[in-house]
Protein chains: 2
Amino acid sequence: MRKTYTISDLASEFDVTTRTIRFYEEKGFLKPGREGTRRVYSPSDRTRLRLILRGKRLGLSLDESAEIVMMYGSPRNNRKQLEKLIVRIREKQTELKSQQKDLEFMLLDLQEAENNCMATLTRMDSRKSLQEKT
Amino acid sequence: MRKTYTISDLASEFDVTTRTIRFYEEKGFLKPGREGTRRVYSPSDRTRLRLILRGKRLGLSLDESAEIVMMYGSPRNNRKQLEKLIVRIREKQTELKSQQKDLEFMLLDLQEAENNCMATLTRMDSRKSLQEKT
DNA sequence: ATTTTCTTTTACGTTAACGTAAACGTAAGG
DNA sequence: CCTTACGTTTACGTTAACGTAAAAGAAAAT
């Protein structure tokens, strides 16, 4: 028997509100089953949610996130569409790689900032220990 | 003589509107000089803008971006504040490194998606060439 | 049985990050 | 001098991504 999840299972697992999950459904990013009136989420629903949230953490809009999720879920049949999809995938890869660069530079800047702080602290310490010697 | 920039210099260089730049000033992230009524931007203003926009590309809010910019601009005098700053810097570094992980995984997923697409295309090709042989 | 806990739908409210427009000043070019 | 281009402030509008509240049903706990 396949595992399923309630809406609050997912909400607490991913630390979002149920409102958020319902909102994603409204927008068409999730299509859970129903048990009577209650929503029932499959493992694949769960994966989709996880991927959408990952996209969000990277600063993508919901639409962008959802597009990417579609990308790895869709075994297109039509050749034209497949070729278009490949183009979009490569565009996204390029964007993300440029974002990687931004991240690296920001980390370098932060490292430098930290070093400066540490150096200042060290200078304060050495001055203090000099004073103690008097 | 130090170089300066007009608001539209910066707007066109970084591909944002002048409204955006004035908005950042309203929020206190930029404090350009004035020449009469006109805004005059220094190289350091320009750098701040550049860094804020880089933060935005990474999905940070303006406040978060601005906080980071403050981090590498501020030679604090007070020891307590310096220690706090170092803590914040390390927190940010941790966040960004986790974001790096997300990025890597998303790139891997996209690579896999691309491979699948290519494989499908290849299969379509081979079937086509078989048909041509009949 | 009833209180609490979870769920549902519907709908209005909120915040960030600008967009857009009005109404006006100024400076340079023809 | 007039137009054209760029600048200013003020203020209302917009979109995304939910938050929040109301009103009601169902199930689990006491």
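A residue counts as near a strand if one of its heavy atoms lies within 4 Å of that strand. Keep that cut-off in your selection box, and keep in mind that this is a predicted model.

**Stop 1: DNA strand C**

Select DNA strand C and expand to the residues around it. Of the 18 residues there, A:Ser8, A:Arg22, A:Arg39, B:Thr17 and B:Tyr24 come nearest. Now flip the selection and look at the DNA atoms within 4 Å of the protein: 74% of these atoms of DNA strand C are sugar and phosphate.

Which atoms of DNA strand C does B:Arg19 approach? Zoom in on its side chain, where a polar atom of B:Arg19 sits 3.0 Å from a base oxygen of the strand. Step along to B:Thr20, and the partner is a phosphate oxygen, 3.4 Å from a polar side-chain atom of B:Thr20. Then jump to B:Leu62, which uses its backbone: an N or O atom of that backbone lies 2.9 Å from a phosphate oxygen of DNA strand C.

To see where this surface comes from, colour by secondary structure. Two or more residues each are given by helix H1 (7-14), H2 and strand S2 (38-40) of chain A, together with H2 of chain B. H2(B) supplies the largest share, four residues. If you recolour by residue class, you should find four nonpolar, six polar and eight charged residues near DNA strand C.

**Stop 2: DNA strand D**

Next, select DNA strand D and its surroundings. Here 18 residues lie around the strand, and those that come nearest are A:Thr17, A:Tyr24, B:Ser8, B:Arg22 and B:Arg39. Among the atoms of DNA strand D within 4 Å of the protein, 71% belong to sugar or phosphate, and bases make up the rest.

Three side chains are worth labelling. A:Arg19 places a polar side-chain atom 3.0 Å from a base oxygen of DNA strand D. A:Thr20 points to the backbone of the DNA, with a polar side-chain atom 3.4 Å from a phosphate oxygen. B:Ser8 also has a phosphate oxygen of DNA strand D as its partner, with a polar side-chain atom at 2.3 Å.

Back in the secondary-structure colouring, the elements that each supply at least two residues near DNA strand D are helix H2 (18-26) of chain A and, from chain B, helix H1 (7-14), helix H2 (18-26) and strand S2 (38-40). Which element gives the largest share? That is H2(A), with four residues. By class, the surface near DNA strand D has four nonpolar, six polar and eight charged residues.

**Stop 3: a helix pair in chain A**

Hide the DNA and show H1(A) with helix H3 (residues 43-57) of chain A. Two packed helices are described by the angle between their axes and the distance between the axes. For this pair the angle is about 35° and the axes are 11 Å apart. H1(A) passes H3(A) in a right-handed crossing.

Turn on side chains at the contact. From H1(A) come A:Leu10, A:Glu13 and A:Phe14, which meet A:Arg46, A:Leu49, A:Arg50 and A:Leu53 of H3(A). This contact holds four nonpolar and three charged residues, and no polar ones.

**Stop 4: along H5 in both chains**

Start with A:Gln99, in helix H5 (residues 79-133) of chain A. Why is A:Gln99 classed as buried? Its relative accessibility is 7%, and buried means under 20%. Follow its side chain to the backbone oxygen of A:Leu58, at 2.9 Å. Beyond residues up to four places away in sequence, A:Gln99 touches A:Leu58 and, across in chain B, B:Arg57, B:Leu58, B:Gln99 and B:Leu103.

Move to B:Lys92, in helix H5 of chain B. B:Lys92 is buried, with a relative accessible area of 2%. Draw a C-alpha to C-alpha distance to B:Glu64: the two are 28 residues apart in sequence and 9.6 Å apart in space. Sequence neighbours up to four places away aside, B:Lys92 touches A:Leu110, B:Glu64, B:Glu67, B:Ile68 and B:Met71.

Finish at B:Gln93, also in helix H5 of chain B. B:Gln93 counts as buried at 8% relative accessibility. Its side chain makes a polar contact of 3.3 Å with that of A:Gln111. Apart from neighbours within four places in sequence, B:Gln93 is in contact with A:Leu107, A:Leu110, A:Gln111 and A:Glu114.

Methods
Residues numbered from 1 in each chain as written. Chains lettered and ligands numbered in written order. Predicted model: local features only at pLDDT ≥ 70, side-chain atom pairs only at ≥ 80, totals over all residues. Heavy atoms only, no water. Polar contact = N/O pair within 3.5 Å; in protein donor to acceptor, adjacent residues only side chain to side chain. Nonpolar A, V, L, I, M, F, W, Y, C, P; charged D, E, K, R; others polar. Buried < 20%, exposed > 50% of the residue type's maximum accessible area, 1.4 Å probe, protein only. Contact = heavy atoms within 4.5 Å. Axes fitted to C-alpha atoms, helices over the stretch in contact; angles between N-to-C directions. Left-handed = near helix turned anticlockwise from the far one by under 90°.
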